[in-house]
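Q: Please take a close look at the aromatic ring pairs in this structure, and set them in their surroundings. I am a first-year student, so please explain each term once.

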Amino acid sequence: MEKIDFSPLKGTLDHIAWQLVTLVAICGLAYIIAFILLRVIKVPSQLAHYISTAVLLAAFYYSFVNGYIPGIQSAQ
């Protein structure tokens, strides 16, 4: 039985995995920074969570549309 060479796939999968890690890091940092800033200006905790979640979703959408999808297409 012949060995199959998966080395061309390794580079592509590494690129996609790196983009996914970056996407999660950007979204997590956006939430944390927004929450800390809102708490510093004395916004109630529950409202700070809601607004931070909106910031997280906006960062996720922007990062996914402008970074992750074009990156996948360029990796092919």
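A: What follows begins with the whole protein, then turns to the ring pairs and to the parts around them.

This is a predicted model, in which local features need a pLDDT of at least 70 and side-chain atom pairs count only at pLDDT 80 or more, while totals for chains, interfaces and linings use all residues. Residues are numbered from 1 along each chain as its sequence is written, and side-chain values use heavy atoms, with hydrogens and water left out.

The protein has two helices and zero strands; these are DSSP runs numbered from the N terminus, with at least four residues (H or I) for a helix and at least two (E) for a strand. Of its 76 residues, 18% are buried. Buried means under 20% relative accessible area, exposed means over 50%, and partly exposed lies in between (1.4 Å probe, protein chains only). The protein exposes about 6000 Å², and carbon and sulfur atoms supply 74% of this area (Shrake-Rupley method with a 1.4 Å probe; for residues, only the protein chains shown count as cover).

Now the rings. A pair of aromatic rings is described by the distance of the centres and the angle of the planes. Rings of Phe, Tyr and Trp (its six-membered ring) pair if their centres lie within 6.5 Å; planes under 30 degrees apart are stacked, over 60 edge-to-face, and the rest tilted. By this rule there are two aromatic pairs. In one, the ring centres of Tyr31 and Phe35 are 6.3 Å apart and the planes are at 5°, so this pair is stacked. Tyr31 and Phe35 are four residues apart in helix 1, which separates them by about one helical turn. Tyr31 is partly exposed, at a relative accessible area of 22%.

The other pair is Phe60 with Phe64: the centres are 5.8 Å apart and the planes at 15°, so it is stacked. These two are four residues apart in helix 2, again about one helical turn. Phe60 is partly exposed at 38%, and Phe64 is partly exposed at 30%.

What does Ser52 touch, beyond residues up to four places away in sequence? Ser52 touches Tyr31 and Phe35, and also Ala34 and Leu38; contact means heavy atoms within 4.5 Å. Ser52 lies in helix 2 (residues 45–75) and is buried, with a relative accessible area of 0%. Across the protein, residues 24 or more positions apart account for 58% of the contacts with a separation of 6 or more.

Helix 1 (residues 7–40) has 34 residues, which at 1.5 Å a residue should span 50 Å, and its end C-alpha atoms are 49 Å apart, which agrees. The expected span is 1.5 Å times one less than the number of residues. Buried residues in helix 1 include Ala34 and Leu38, along with Gln19, Leu23, Cys27 and Ala30.

Val40 also lies in helix 1, but Val40 is exposed at 58%.

Helix 1 is followed by Lys42, which is found in the loop between helix 1 and helix 2. Lys42 has a positive phi of about 65° although it is not a glycine. Lys42 is exposed, with a relative accessible area of 71%.
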